Amino acid sequence: MNENNDVMYRLLVQSVIDYALYMLTPDGIVANWNAGAIRAKGYQPEEIIGKNFECFYSAADRAKNLPQRGLAIARETGRYEVEGWRYRKDGSAFWAHVVIDAVKDDEGTLIGFAKITRDCTEQQARLAEQRAQEQKFRLLVEGVTDYAIYMLDPEGHVVNWNEGARRSKGYNADEIVGKHFSCFYSEKDQQAKLPQANLKTAYRTGRFEEQGWRYRKDGTSFWAHVVIDAVHDDDGKLIGYAKITRDCTEQQRVLREQREREQVFRLLVEGVSDYAIYMLDPKGKVVNWNAGAHRAKGYTAEEIVGKHFSCFYSAQDRLARTPETNLHIAYTTGRFEDQGWRYRKDGSAFWAHVVIESIYTDEGKLIGYAKITRDCTEVREYEQQILRAKDLAEQNSAQMASLSTFLDTIIANIPSCVIVEDVVSREVLLLNNKAEQLLGLKIKEVKGKMLVDCMPSELSSYFAQLATAAQRNEGVHRNEQLLRTRGGEKIINASASLIHGNDARTNYVLLIADDVTDQRAADARIHHMAHHDNLTSLPNRVLFSQRLNEALRTDFDTSKITAALCLDLDNFKNVNDALGHQVGDDLLRAVAGRLRSALREQDTLARNGGDEFSVVLPGLTHQDEAEAVAQRLIEVIRPSFNVDGHNLSVGLSIGISLAAGGLTSPDELLRCADMALYEAKRNGRNRFEHFSHEMGEAASKRRMIETDLREAMTNRHLKLYYQPITNGQGYDIIGYEALMRWHHPKQGLIMPLDFIPVAEETGLIHTLGAFALYEACREASTWPEDQSVAVNLSPLQFKNSSLVSVVEAALKDSGLSPHRLEVEITESVLLDNTRVNIRTLQKLKTLGVRIALDDFGTGYSSLSYLRSFPFDKIKIDKSFINDMKDSREALAIIRAITGMSRSLDIQITAEGVESSEQFEQLKIEGCTLFQGYYFGRPQPSETRLKLFDSPQGMNEEASLSTSLVAVTPQPGKNGVVL
């Protein structure tokens with residue numbers, strides 16, 4: 001029995017293929033080998049039995065004696081278990097889970113080891129992939145900026161904090177982590193314990209979701225969409241809550257405006273009393289009810305909304321499922337139109353003209369039906385009276401005369417145009433007063449003649465086609481068409497039917513026509529209001545989206561190119577601010593007219609809002625066509641506009657994206673065009689740019705720089721360096737220029753040209769500029785009284801109405817005398833909103849601050865600047881200093897500037913002086929102040945150059961500075977302080 005058990009056990013071990021099972025002798029020699037070992041390690045039994053198991057380890061592991069160390073542990077403790085790399089016969093590696101158990105006989109003597117090895121390479125790869133996915137998810141959540149995503153512990157304390165949370169709520173992670181999330185609620189909500197109630201709801205149901213007001217760190221409120229999900233571990237234990245908050249303030253505003261427009265439209269529809277206009281849901285239930293429906297059918301809104309529209313049909317029609325059939329026709333064809341009996345609340349019947357139109361969303365989903373019903377009982381009664389009167393007249397010849405008079409009276413008073421023709425001769429037999437008014441004819445002129453002889457061919461052909469259709473097929477034949485009448489163009493809705501006489505040889509055609517021009521115009525106005533901008537009458541976002549989708553589908557099928565253009569007016573805000581919104585609105589209407597005139601018939605121009613427009617260009621064959629259109633749009637806007645006696649000039653910046661290379665989504669196409677527009681405005685405005693993948697990468701880089709810059713401003717990683725300024729003698733330091741430096745903890749020194757533009761684009765320049773002013777004034781207040789400090793101002797800081805207050809506060813806070821502060825501006829300040837910026841400079845001058853014009857001689861230099869404002873100093877751009885030795889033009893410009901400055905009694909500073917030769921030459925040319933590496937490089941305030949010992953010493957110090965500092969950026973052209 002024991003022998004059988006041993007055999008069965010051995011066979012079981014040999015048959016296992018997922019595990020390598022084998023025995024080792026006490027000194028580690030392989031004693032046996034199963035099928036799983038062959039599969040896992042590649043050795044046949046005859047190749048491996050008798051060899052030491054060290055061959056499964058790497059050379060490095062064998063050098064560390066790891067195999068024998070494992071045996072020693074198993075020998076001492078009874079088991080050794082480990083995971084690590086092992087090697088097969090062919091040299092390939094696999095991740096193994098290894099167990100070595102010591103095997104002893106009944107007396108406790110070690111007889112060997114049982115070794116089990118399992119190949120876990122796939123499990124290890126899945127684990128690594130899972131970790132990578134978790135890392136990607138964490139980075140994704142942390143990188144989201146439009147949503148606040150963070151975790152709460154079971155008690156409601158904040159556990160982590162992403163960038164979107166910091167952006168939307170204003171707290172940094174170190175300020176909010178650990179605090180209770182109720183701080184985002186109002187005091188009233190906190191007192192009512194709403195935060196705790198919301199958590200309880202999420203705990204009980206798994207999720208809590210709502211919209212409401214939430215509060216930021218600075219106390220401002222925003223309308224938020226909030227989701228709280230309970231998070232449990234694998235055992236079902238609550239470990240916390242995932243909370244997602246989105247700032248929906250803008251969506252709320254757009255929704256409110258949409259509701260207001262819908263309210264106007266609803267009031268318009270509800271005010272119509274001659275037509276029953278109401279909506280049905282896809283199943284045919286009444287959704288709303290206007291005054292015309294109440295008047296026509298007798299039901300109030302409370303009585304009928306929610307009920308099926310089949311209640312307006314007879315019992316017989318309902319049994320025949322006529323309502324469902326009509327709805328199905330509207331669903332399949334888009335429209336159902338009919339005349340028939342319908343029933344009121346009180347059971348009375350009326351003859352109705354009914355139209356049912358299917359309504360779809362932009363995505364093509366059916367949302368219901370628009371149903372219009374008109375009570376035509378009187379019109380039908382008039383028609384029936386005609387027929388009855390005619391039959392009566394023919395049956396009783398004795399009363400023919402009186403009946404004929406009666407018939408004439410009826411026909412004359414019917415509110416529709418009535419014409420009766422002989423079927424064979426097509427001669428007009430009857431024509432009522434309404435027909436005379438509509439067609440401009442007299443019965444005396446027409447009677448006994450054919451219509452073709454009495455009216456324009458277009459109109460006579462229209463009635464002839466209806467009459468022919470009635471003659472060929474019995475029943476009522478209808479048609480509606482825009483026709484030219486003697487009273488102008490009219491939309492005529494007409495019907496024709498065949499009337500039989502006393503015998504089969506006598507038949508007549510009855511034509512009844514109505515002028516529905518006003519009714520269709522009202523329909524068109526309602527449709528236009530829903531799809532066009534009220535100010536410019538251009539397509540709105542809804543119609544633009546439809547046109548863009550249509551263009552993408554059509555051009556995809558025909559292998560053509562669709563282009564989307566985003567347009568933004570330059571300088572429009574200044575017009576609005578200076579002259580008021582009425583002038584701004586008139587200007588927008590004029591701009592819309594010019595833009596539309598520059599486009600093709602198949603192109604779509606839409607107004608998005610404000611001064612933003614969009615264009616769809618379908619059916620292009622090459623991107624050059626989009627560029628040509630963009631340039632044409634820029635050129636058509638270039639001439640000035642005369643609005644209410646004002647000559648106004650605006651520019652146009654355009655971003656272009658093409659539906660090619662995978663860009664087929666309308667939203668993606670517009671987003672890329674918007675990025676290209678942003679690039680066009682950044683590159684100088686009044687131009688166009690194509691979207692490129694580099695723009696996407698640049699936008700990502702700008703977002704990273706913006707995030708790091710915000711952190712740097714928070715953690716005070718930005719510091720001011722000071723470069724000395726000397727006079728003509730070159731011995732005394734009379735002041736310093738403050739220059740910004742950013743020492744990034746990971747990337748090292750970041751050049752100002754990489755972060756100042758981002759600060760200007762994001763609005764951080766105002767905070768950064770205020771920091772520079774406060775810091776420069778504070779440090780300068782500790783210097784000798786005869787030394788001043790110069791701070792650069794960005795042109796964007798002049799758009800902030802509080803700039804003067806910031807300067808005044810920096811002076812007051814530091815105690816620095818105003819005459820010791822000098823602000824430097826570039827010529828671009830005087831190009832943008834000149835009058836406002838000149839007033840700002842005058843206010844700064846009134847404070848006692850000195851004003852310098854930086855980089856003079858480059859860009860837009862104009863003598864008009866010097867005439868418009870009394871500058872204290874002009875700084876010659878260093879490019880002229882560098883070139884003056886080899887360029888007569890550069891030297892001539894320097895002489896012109898110094899000569900003009902002497903005449904105007906303005907000091908001249910030469911920037912970028914790097915040698916004694918330049919210094920001496922510039923003194924000869926009349927420069928009074930000097931700055932450059934020759935005198936010293938920018939340094940922090942505490943280590944700045946404080947004294948020139950001698951010209952020789954000054955040269956030595958400059959050389960030493962050059963050797964110690966490899967690269968130090970120079971002041972930029974449009975930064976705050978670079």
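Buried means under 20% relative accessible area. The legends below describe a predicted model.

**Figure 1. Overview of the predicted model.** The protein has 978 residues, and 42% of them are buried. There are 36 helices and 34 strands. Contacts also reach along the chain: among those between residues at least 6 apart in sequence, 52% join residues at least 24 apart.

**Figure 2. Trp161 and Phe184 form a ring pair between two loops.** Trp161 has 12% relative accessibility and so counts as buried. Phe184 is buried too, with a relative accessible area of 0%. The ring centres of Trp161 and Phe184 are 5.8 Å apart, and the planes meet at 25 degrees, so the pair is stacked. Trp161 sits in the loop between β5 (147–152) and α7 (163–169), while Phe184 sits in the loop between α8 (173–176) and α9 (187–191). The pair therefore ties together parts that are 23 residues apart in sequence. Phe184 has a further partner: Lys169 lies over the face of its ring, at 3.7 Å from the ring centre.

**Figure 3. Ser182 in the loop between α8 and α9.** Ser182 belongs to the loop that joins α8 and α9. Ser182 is buried, at a relative accessible area of 14%. Setting aside residues up to four places away in sequence, Ser182 touches Gln190 and Pro195.

**Figure 4. Trp85 and Trp95 pair across two strands.** The count of aromatic pairs in the model comes to 27. In this one, the ring centres of Trp85 and Trp95 are 5.1 Å apart. Their planes stand at 85 degrees, so the pair is edge-to-face. Trp85 lies in strand β2 (residues 79–87), and Trp95 lies in strand β3 (residues 93–104). The pair therefore ties together parts that are 10 residues apart in sequence. Burial differs between the partners: Trp85 is partly exposed at 42% relative accessibility, whereas Trp95 is buried at 16%.

**Figure 5. Other aromatic groupings.** Ring pairs join Tyr22, Trp33, Tyr43 and Phe56 into a cluster. Elsewhere, a charge sits over a ring: Arg380 lies over the face of Trp351, at 4.0 Å from the ring centre.

**Figure 6. Helices α23 and α24 cross.** Helix α23 covers residues 572–579, and helix α24 covers residues 581–597. Their axes come within 7 Å and cross at roughly 140 degrees. From α23, the contact uses Phe572, Val575, Asn576 and Leu579. From α24, it uses His581, Val583, Gly584, Leu587 and Leu588. By class, the contact has six nonpolar, three polar and no charged residues.

**Figure 7. Burial along α24.** The buried residues of α24 are Val583, Gly584, Asp586, Leu587, Leu588, Val591, Ala592 and Leu595. In an α-helix there are 3.6 residues a turn, so residues three or four places apart point the same way. The length of α24 fits the expected rise: at 1.5 Å a residue, its 17 residues should span 24 Å, and the end C-alpha atoms are 24 Å apart.

**Figure 8. Helix α29 is largely enclosed.** Helix α29 runs over residues 764–780. Of its 17 residues, 12 are buried, so the helix is largely enclosed by the rest of the structure. Among the buried residues are Leu764, Ile765, Leu768, Ala772, Leu773 and Cys777. Glu775 and Glu779 are buried as well. At 1.5 Å a residue, α29 should span 24 Å, which agrees with the 24 Å between its end C-alpha atoms.

**Figure 9. Glu612 in strand β20.** Strand β20 covers residues 612–620 and contains Glu612. Glu612 is partly exposed, with a relative accessible area of 36%. Leaving aside neighbours within four places in sequence, Glu612 contacts Leu567, Asp568 and Arg607. Ser653 is 41 residues away from Glu612 in sequence, and their C-alpha atoms are 9.9 Å apart.

**Figure 10. Ala659 in the loop after β23.** Ala659 lies in the loop between β23 (651–658) and α26 (666–682). Apart from neighbours within four places in sequence, Ala659 is in contact with Leu552, Thr562 and Leu669. Leu669 is 10 residues from Ala659 along the chain, and the C-alpha atoms of the two are separated by 6.7 Å.

Conventions: Residues numbered from 1 in each chain as written. Predicted model: local features only at pLDDT ≥ 70, side-chain atom pairs only at ≥ 80, totals over all residues. Heavy atoms only, no water. Helix = DSSP H or I, 4+ residues; strand = E, 2+ residues; numbered from the N terminus. Contact = heavy atoms within 4.5 Å. Axes fitted to C-alpha atoms, helices over the stretch in contact; angles between N-to-C directions. Nonpolar A, V, L, I, M, F, W, Y, C, P; charged D, E, K, R; others polar. Expected span 1.5 Å × (residues − 1). Buried < 20%, exposed > 50% of the residue type's maximum accessible area, 1.4 Å probe, protein only. Phe/Tyr/Trp six-rings, centres within 6.5 Å; stacked < 30°, edge-to-face > 60°. Lys NZ or Arg CZ within 6 Å of the ring centre and 35° of its normal.
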